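Please read the following points alongside the model; they concern the fold of one chain, its contact with a partner, and one helix of that partner.

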Amino acid sequence: MFGLNTKDTTLLLIVAMLTMFAPFILNPFPADSAMAQFNAGYPDLMQRFVIFGIFAIGFNILFGLTGYLSFGHAAFLGVGSYSAVWMMKLLTMNVIPAIALSVIVAGLFSVVIGYVSLRRSGIYFSILTLAFAQMSFNLAYSVLTPITNGETGLQISLSDPRILDGAGAARYPNLFGAEMNDATTLFLGGWSFTFSVGYYVCAVIMLLCFYLSVRIFRSPFGMMLRAVKSNQQRMNYTGLNTKPYTLAAFVISGMYAGLAGGLLAAMDPLAGAERMQWTASGEVVLMTILGGAGTLIGPVLGAGFIKYFENIFSKINDSVLHSWFSFMPDGIEDLMVTLVHPFVGKGWSLTLGIMFMLVVTFLPGGLVEGGQRIGRLLRRKPAKDDSASGKTEPAE
Amino acid sequence: MGILEVKNVGKRFGGLQALGDVNLSIAEGSVHAIIGPNGAGKSTLLNCLVGKLIPDTGSVMFDGQSVLGRKPYEINQMGISRVFQTPEIFGDLTVMENMLIPCFAKRDGAFELNAITRVVNQHDVIDKAEAMLSDMNMIEKRHMHASSLSRGDKRRLEIGMCLAQDPRLLLLDEPTAGMARADTNNTIDLLKQISDERDITIAIIEHDMHVVFSLAQRITVLAQGTPLVEDTPDKIKGHPKVREAYLGETAH
């Protein structure tokens with residue numbers, strides 16, 4: 001189906017089910033229960049899951065396939081956001097032109113950065129991309145203030161021209177009138193599930209992006225990219241020019257990042273320079289490696305995992321901990337709170353760091369490899385040597 | 001007029017004259033061996049032919065066209081394929097994918113953005129790759145990762161990958177270096193078969209005299225960056241200059 005083999009179709013359908021039913025799946029606990037804070041099914045967070053999923057899917061096309069580790073992809077995310085906000089300031093609050101422009105501008109930007117950075121490989125390539133991203137970040141903060149509005153960040157205002165929008169047009173980002181922050185909440189017993197327009201717009205776009213990435217993985221082009229990672233020398237002596245291949249991969253992943261940036265702005269119409277900072281570039285590297293670089297589903301899992309930690313674990317403060325351990329005697333309760341305290345709340349990144357180290361050490365193929373190992377254990381099938389590398393089976 | 005004409009090629013690395021004044025003509029359809037002691041300039045000469053090095057002086061013409069200043073992938077597309085001393089294959093890919101890549105390179109050229117078509121639907125390329133794997137007796141290993149092949153199989157695969165491009169000239173750089181005797185003999189048989197069955201010219205750089213004398217129709221002996229003699233294997237065997245270059249004065 002869809003020009004995919006059975007395995008890929010199944011994967012695509014699973015991802016489609018997960019994203020479409022995410023409001024249910026991510027809200028497993030009743031709204032007023034003690035566990036409700038582990039619910040992630042609110043629109044803002046769900047949008048982040050899928051948007052950063054898009055970002056990571058695109059990054060994986062570059063890093064997972066060619067092995068070129070870019071440390072500057074946040075620059076494309078930021079450029080995408082700025083372009084989208086400008087489109088919403090000047091033309092219309094409809095998100096379609098905004099998203100289209102963010103993809104185009106990020107694509108052009110990545111042609112320039114990619115052309116220069118890809119003259120080198122390995123660590124030098126990473127440093128070049130990092131340098132470009134930091135330059136973009138600092139420019140956005142300082143000299144480009146007329147375009148980026150500096151530290152305040154670029155926002156929409158009522159006085160913007162919006163030449164395509166009439167007097168009665170929607171004042172918020174919308175898709176032909178359906179506003180992104182429109183939502184309906186379904187109450188079922190103690191549970192509540194929120195369905196927002198913005199989330200479903202992002203989810204559908206992510207599904208399309210995921211589908212495109214599966215097609216790229218299974219295409220001759222995708223195979224050439226894996227060959228670049230494997231042996232560039234043999235590529236050159238097989239009559240293949242590696243430069244356009246790597247540049248194309250770089251631009252495609254830059255366009256994915258621009259799309260993610262455009263969607264961020266479409267969900268919440270503001271863009272700030274901090275979106276281009278090196279920590280944001282590092283985050284997508286972590287997402288991809290945590291989930292499983294070079295696998296189809298890994299980057300999406302990694303993005304969800306990291307965004308979940310960032311938003312859920314960071315909200316657990318001392319009073320929440322006290323309520324958890326309140327059944328214990330006072331002394332032990334305080335001791336438990338003291339012990340757990342560094343790993344939650346502001347210390348969420350410590351937990352994430354430990355998880356990351358464990359995954360990289362014991363599951364070099366990321367969460368996907370973990371899933372494969374569990375699957376093999378369940379099926380009680382002896383592990384085969386060649387399939388233990390944690391890679392998806394190549395198209396054949 | 002040979003298919004490959006090397007004229008007055010010189011290459012200097014700092015104070016070292018790696019190639020002095022090399023003239024070499026490789027006849028179309030022949031198996032031509034280039035031998036010489038360590039440091040004779042064999043590898044430097046080979047690198048000048050494939051675009052890895054650019055000689056300081058002289059010219060290299062392949063089928064009437066100069067190869068100088070062209071990138072390795074351009075020279076390859078002209079019809080020169082190279083087999084490396086240690087097999088250079090795509091270790092992370094399967095044997096079949098290894099064979100598909102040169103087939104795609106032959107069909108689509110140096111770059112083609114076919115990102116939406118599926119590999120499994122490219123029947124012409126798949127048939128060609130399968131036929132080549134069968135020729136190499138590797139069809140049953142098609143799903144293996146290339147890195148898990150034995151040394152001899154990696155060599156076979158690499159040679160097969162080069163042949164899949166239908167090159168007119170196949171360059172081999174010590175193809176049996178570090179191989180067991182059985183693997184060496186297999187490689188000799190394979191190369192003999194290729195030379196007999198295909199319309200191809202083979203140039204081989206080799207240390208192993210057993211390989212050279214089993215295969216070559218002409219032999220060029222290189223010493224200190226210049227060709228010493230060029231002749232048939234029988235003449236080379238007894239040639240005093242060759243014995244001198246290889247064994248030193250004491251051999252007399």
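1. Helices (H or I, at least four residues) and strands (E, at least two) are taken here as DSSP runs, numbered from the N terminus. On that basis, chain B has nine helices and ten strands. The radius of gyration of chain B, taken over C-alpha atoms, is 19 Å, close to the 18 Å from the globule rule (2.2 Å times the number of residues to the power 0.38), so chain B is as compact as a globular protein of 252 residues.

2. This is a predicted model, in which local features need pLDDT of at least 70 and side-chain atom pairs count only at pLDDT 80 or more, whereas totals for chains, interfaces and linings use all residues. Residues are numbered from 1 along each chain as its sequence is written, and chains are lettered from A and ligands numbered from 1 in the order in which they are written.

3. Contact between the chains (C-beta atoms, placed from the backbone, within 7 Å) involves 36 residues of chain B and 29 residues of chain A. On the side of chain B that touches chain A, α2 (72–78) and α3 (95–108) each supply at least two residues, and the largest share, seven residues, comes from α3(B).

4. In chain A, helix α6 (residues 122–141) has 20 residues and should span 28 Å (1.5 Å times one less than its number of residues); its end C-alpha atoms are 29 Å apart, which agrees. Its buried residues (20 or more other C-beta atoms within 10 Å of their own) include A:F125, A:L128 and A:F132, and the buried residues of α6(A) pack against α4 (74–90), α5 (95–117), α7 (145–148) and α12 (278–291) of chain A.

Definitions and conventions:
A residue is buried if 20 or more other C-beta atoms lie within 10 Å of its own, exposed if 12 or fewer, and partly exposed in between; C-beta atoms are placed from the backbone. Two residues are in contact if their C-beta atoms, placed from the backbone, lie within 7 Å.
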